[in-house]
Amino acid sequence: MSEAHMHDDHRQRMRARIEKNGILSLQDHEILEYLLYPFVPRKDTNPIAHKLIDKFGSFRAVLGADAKALKTVHNMTDKAALFLSTLSDIARKFCAEEGEEREKVDTYERAVDYLSAQLKNCETEKIVAIFIDQNGRLKHKCELGTGTETDCRLQVNELVMLTQNFRCNYVYIAHNHPHGMARPSFSDVEFTKWAVAALEVLGVRLLDHIIIAGDEVYSFKKDGDLERFKSSYVDFVTNGNLAADPRKGK
């Protein structure tokens, strides 16, 4: 396989990751690598991205550098340096307006409305997570998996990685049952238990796991499961007691 073909394949995989989970799911050097694609078309931009961060010390510092300084990095082009040097000003302009425009998801009802609009007409089962800031505004939406056979451990791993990347303290999870009722299956319960435990480790609050089936909605929080799962996890960490399945007998 030619070097050019290898670069093309790598770039396609990177674009697929961004399409699925957004650019902020990438590490800092990967974001820089992606931003350089149009301006450095025939070279591997991964080493350039690493050199930029090594030279300037951080992703933020790279975007805060002027074009002249950026051009001192090996293989940086004039157009790439000019482009990167403008991004901090573009970001400031965006942030000046963005706070008022982001959608509010500060209540259960608003979360259900938002997630229902995303999922109720999907013909295949899909699980998504939305990340909320401290003011109750939507920061990001990501897909964790599709289909009923997706391994819940892989979904939780993806959730943990995205939560760390997005630096959010609040998360909603939701999925749909396209051809069934809005009641949790065994795998739904297992996924939610693992998600609660993994997010507790990160100091992140799972606000709810919502199941949507047409106009019918199920809430793990309203049914009391989230608090039971959290209590079971805390008891295990504190006392070493692994509680019995809190759903038994319900």
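**Exercise 1. Which residue follows helix 9, and is its phi positive or negative?**

Solution. Helices are DSSP runs of H or I of at least four residues, strands are runs of E of at least two, and both are numbered from the N terminus. Gly 203 follows helix 9. The phi of Gly 203 is positive, near 75 degrees.

The model is predicted: local features need pLDDT of at least 70, side-chain atom pairs count only at pLDDT 80 or more, and totals for chains, interfaces and linings use all residues. Residues are numbered from 1 along each chain as its sequence is written, and side-chain values use heavy atoms, with hydrogens and water left out.

**Exercise 2. Check the span of helix 9 against the distance between its end C-alpha atoms.**

Solution. Step 1: the expected span is 1.5 Å times one less than the number of residues. Step 2: helix 9 has 17 residues, so it should span 24 Å. Step 3: the end C-alpha atoms are 25 Å apart, which agrees.

**Exercise 3. State which residues of helix 9 are buried.**

Solution. Step 1: buried means under 20% relative accessible area, exposed means over 50%, and partly exposed lies in between (1.4 Å probe, protein chains only). Step 2: the buried residues of helix 9 are Asp 188, Val 189, Phe 191, Thr 192, Ala 195, Val 196, Ala 197, Ala 198 and Leu 199. Step 3: an α-helix has 3.6 residues a turn, so residues three or four places apart point the same way.

**Exercise 4. Describe the sheet, its edges and the helix that packs on it.**

Solution. Step 1: two strands pair if DSSP finds at least two bridges between them. Step 2: 5 strands form an open sheet in the order 2-1-3-4-5, with mixed pairing. Step 3: strand 2 and strand 5 (216-219) are at the edges; each has a single partner strand, so one side of each has no neighbour in the sheet. Step 4: from one strand to the next the twist averages 20 degrees. Step 5: helix 9 (residues 186-202) packs on the sheet and touches strand 1, strand 2, strand 3 (170-176) and strand 4, where contact means heavy atoms within 4.5 Å. Step 6: the direction of helix 9 makes about 160 degrees with that of strand 4; axes are lines fitted to C-alpha atoms, for helices over the stretch in contact, and angles run from 0 to 180 degrees between N-to-C directions.

**Exercise 5. Find the pairing of strand 1 with strand 2, and of strand 4 with strand 5.**

Solution. Step 1: strand 1 and strand 2 are antiparallel and share 7 bridges. One bridge pairs Ile 132 with Leu 138 in strand 2. Step 2: this hairpin has 5 residues between the strands, and Gly 136 takes a positive phi near 80 degrees. Step 3: strand 4 (residues 205-213) runs antiparallel to strand 5, with 4 bridges. Ala 213 stands opposite Glu 216 in strand 5.

**Exercise 6. Locate Asp 133 and list the backbone nitrogens its side chain reaches.**

Solution. Step 1: Asp 133 lies in the loop between strand 1 (126-132) and strand 2 (138-146). Step 2: its relative accessible area is 13%, so Asp 133 is buried. Step 3: a polar contact is a pair of N or O atoms within 3.5 Å; within protein, one must be able to donate a hydrogen and the other to accept it, and residues adjacent in sequence count only if both atoms are side-chain atoms. Step 4: the side chain of Asp 133 has a polar atom 2.9 Å from the backbone nitrogen of Asn 135, and reaches the backbone nitrogen of Arg 137 at 2.8 Å.
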